[in-house]
Amino acid sequence: MARILNIAAAQLGAIQKADNRDTVVQRMIVLADKAKAKGADFIVYPELALTTFFPRWYHENRADADVWFEHEMPNRATSPLFDCVKAHSMGMTFGYAERTLEGRHFNTSILVDKSGKIVGKYRKVHLPGHAEFDPQRTHQHLEKRYFEPGDLGFQVWRTMGGLFGMMICNDRRWPEAYRVMGLQGVEVITLGFNTPSYNSQKPDEGPEQRIFHHKLSLQAGAYQNSTWVVAVAKAGVEDGNPMFGCSVIVDPDGEIVAETRTEDDEVIVHPCDLDATKFGKETIFDFKRHRRIEHYGLITSRIGAEPPTE
Ligand code: CDT
């Protein structure tokens, strides 16, 4: 019998610097209600869903950026969202900036089951951008200033009748991230993103090429690991800075089966058959039969490319 999970990709449009978390959470609740009306069992929200994409703003004093971070989860602002999805009996995942009790900072996503319990946490591993103000760039991307690399690895959780994993934005460009979850049998990978429509170091690289690379990465990751991938944008123009939409649900064959059409708050829902992951996992991507780990050592022993000497 098919294991169908109706998954909602809940894209958020722009969140301005001046917007507060209560307003954003109300928008997320509207999307949850719409998703429920479309029969969703599980809803996926973007990376850093509660605020503007603040790593574009330079704070000389690093501590001044703490206003963008959550010190506990759920908290006063997000409790209504937890209550809402619990009342709808929907699981969810969303991203936020996490400040731990010890004062560490991570770009984090949580996985919440249908009872409203947090069952999984992921902290972004591949942090893009730079740590210092860079006058050469058309816009800043200071994730390396405000976050430390995630310390929880790429785990997979058995919940809601499936095997779930999370990654965040830039992680989607790294095949290692999918494969580590693929090796744990992952069936659904969720991913939130905030991707500027233009390359800050190559302004003639615009939305068309950026969206091509976005989809290329997601579709390859889904196909090569025979898993569903659900990628959800925060999109639109935040304080003059455009980010593309194109939230997508990708099936285990690598095909896009649902896609948003706007750069605003928008929800799409697709019935995802988790058993559709089996065919690829048992044939061309039956890792146990076909992988040759004796040839993969460099993947974990070397970080940067080192061409052979002449
Ligand atoms: N949020 C995030 O990870 N964005 C990156 C932009 C990279 S440009 C420095 C992305 O990979 O989409």
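Okay, let's start with the ligand. By class, the shell around it has 3 nonpolar, 4 polar and 5 charged residues. Keep in mind that this is a predicted model.

So who is in that shell? Going along the chain, the ligand is surrounded by Glu 47, Phe 53, Lys 124, Pro 128, His 141, Glu 143, Cys 169, Asn 170, Arg 172, Arg 173, Asn 194 and Thr 195.

Let me pick out some polar contacts. Thr 195 has a polar side-chain atom 2.7 Å from an oxygen of the ligand. With Arg 173, a side-chain N or O atom sits 2.8 Å from a ligand oxygen. Glu 47 goes to a nitrogen atom of the ligand instead, and there the distance from its polar side-chain atom is 3.0 Å. As for cover, the ligand on its own has 360 Å² of accessible area, and the protein covers 89% of that. And where does the ligand sit? The space it takes up is the second largest pocket.

Now, the cysteines. You'll have spotted Cys 169 in the list around the ligand. Cys 169 is buried, at 6% relative accessible area. How many disulfides do we get? With sulfur pairs within 2.5 Å as the cut-off, the count is 0. Take Cys 272: the nearest cysteine sulfur belongs to Cys 246 and is 18 Å away, so Cys 272 is in no disulfide. Is Cys 272 buried or exposed? Buried, with a relative accessible area of 0%.

That's my tour of the ligand and the cysteines; happy to go back to any of it.

Methods
Residues numbered from 1 in each chain as written. Predicted model: local features only at pLDDT ≥ 70, side-chain atom pairs only at ≥ 80, totals over all residues. Heavy atoms only, no water. Near = heavy atom within 4 Å. Polar contact = N/O pair within 3.5 Å; in protein donor to acceptor, adjacent residues only side chain to side chain. Areas by Shrake-Rupley, 256 points an atom, 1.4 Å probe, with all protein chains shown as cover. 1 Å grid on protein atoms, 1.4 Å probe; cavity = no way out; pocket = protein on both sides within 12 Å on 5 of 7 lines; lining within 4 Å. Sits in = over half its atoms within 2 Å of the grid points. Nonpolar A, V, L, I, M, F, W, Y, C, P; charged D, E, K, R; others polar. Buried < 20%, exposed > 50% of the residue type's maximum accessible area, 1.4 Å probe, protein only.
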